[in-house]
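Trainee: Please take a close look at one single part of this model. I would like to follow how it is placed among its surroundings, step by step.

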Amino acid sequence: MSTLETTTKVKGQPINLYYEDYGEGKPVILIHGWPLSHRMWEYQIESIVEAGFRCIAYDRRGFGASDKPWTGYDYDSLAKDLNDLINKLDLKDATIVGFSMGGGEVARYIANYGTSKLSKAALISAVPPFMLKTDDNPDGLEEETFEGFKKNLRKDRPGFLSEFGDQFLNFEDNADRISEDMAHYYWSIGCQASPNATLECVDSFGKTDFREDLKKFDIPTLVVHGTADQVVPIKMSGKKSAEMIANSEYHELMDAPHGLVLTHTAEFNRLLVDFLNK
């Protein structure tokens, strides 16, 4: 078990972030989605290591085996945690890969800390550029969507996460690709998260505007999104991010759901490893 201490302190104590570190070569940092942990990357880590890269997967504060403080779930705080990980492990020429909510950390890290320690980035089923519907973002989701998330989490968190998991995987459409046992396993990962962190992050990923952040990307960036994503619809996210990032490589996975890393594992892994090798 490996942990590192953040420079941020709560009640005088640093936050401990759990991470796993495998392989050698250029580092690839995997940033998980909500409300999961590094365990969501189980079927990518082997492919990355076997391709000759060092793979580092960590748990966001509040999730998995990391410490679970009550506060600090805004993206500036989360990007600072990522910066601490990069600095404390003395990483250079790194690729940061963000899935769903984790794409926000990729965007905010680049906006706040630049790309001097990075070589590439990847946004997978990611929330940027902006999920909330506003006058200047008409393709976004209504605020009531995110308020509904929070209401149902407060009422019955395990029940809500079960329903969310079905939407995450488009399970009925992908029953030939993924078992009920696998879906239940990922539900159990989500249930291990801090209840308050799970709530706080809804506003973070749902209401944070990353449009200015994306303008600061100056490294090759892979953007992958499923055409059947019901959680972060492709029209408002992947398509727009690819258009806004100058040096982007954009791939749509036909009929793939939000959780394409699980349902379309071979196709996604091939795209990611090919991108890392370029």
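Mentor: Helices and strands are here DSSP runs, helices being H or I over at least four residues and strands E over at least two, numbered from the N terminus. The model is predicted: local features need pLDDT of at least 70, side-chain atom pairs count only at pLDDT 80 or more, and totals for chains, interfaces and linings use all residues. Residues are numbered from 1 along each chain as its sequence is written, and side-chain values use heavy atoms, with hydrogens and water left out.

The part I have chosen is strand β5, residues 94–99. Six of its six residues are buried (under 20% relative accessible area; exposed is over 50%, partly exposed in between, with a 1.4 Å probe and protein chains only). The strand is therefore largely enclosed by the rest of the structure. In a regular strand the side chains alternate between the two faces of the sheet. In β5 both faces are covered: A94, I96 and G98 are buried on one side, and T95, V97 and F99 are buried on the other.

Next comes the sheet to which β5 belongs. Eight strands form an open, mixed sheet in the order β1-β2-β4-β3-β5-β6-β7-β8, where two strands pair if DSSP finds at least two bridges between them. Its edges are β1 (2–10) and β8 (248–253), each of which pairs on one side only. Neighbouring strands of the sheet are turned by 20° against each other on average, direction ignored; axes are lines fitted to C-alpha atoms, for helices over the stretch in contact, and angles run from 0 to 180 degrees between N-to-C directions.

Strands of a sheet pair through backbone hydrogen bonds, either parallel or antiparallel. On one side of β5, four bridges join the strand to β3 in the parallel sense, and I29 stands opposite I96 there. On the other side, β5 and β6 run parallel and are joined by six bridges; A94 has L118 of β6 as its bridge partner. Towards the β8 edge, β7 (residues 221–226) and β8 also pair in the parallel sense, over six bridges, with V224 and H251 as bridge partners.

I96 deserves particular attention. Leaving out residues up to four places away in sequence, I96 touches I29, I31, I86, V106, Y109, I110, L118, K120, A121 and A122, a contact being heavy atoms within 4.5 Å. A nonpolar core is a set of buried Ala, Val, Leu, Ile, Met, Phe, Trp, Tyr and Cys residues joined through side-chain atoms within 4.5 Å. The largest such core has 87 residues, and I29, W34, L85, I96, I124 and F205 touch the most other members. Helix α4 gives the most to this core, with eight residues.

Two helices also lie across β5. Helix α2 lies across β1, β2, β3, β4, β5 and β6 and runs at about 130° to β1. Helix α10 (residues 265–277) lies across β3, β5, β6, β7 and β8, at about 170° to β7.

Within α2, which covers residues 75–88, is D81. With a relative accessible area of 2%, D81 is buried. Apart from neighbours within four places in sequence, D81 is in contact with T6, T8, L17 and R61.

The loop between α2 and β5 holds D93. Most residues other than glycine have a negative phi, and most peptide bonds are trans. For D93, phi is near 55°, a positive value in a residue other than glycine. D93 has 42% relative accessibility and so counts as partly exposed.

The strands that pair with β5 are followed by loops that hold cis peptide bonds. P35 is in the loop between β3 and α1 (42–50), and the bond from W34 to P35 is cis, with omega near -5°. P129 lies in the loop between β6 and α4, and the bond from P128 to P129 is cis, with omega near 10°.

What, finally, is the secluded part of this picture to remember? It is β5 itself, with six of six residues buried, joined in parallel to β3 and to β6.
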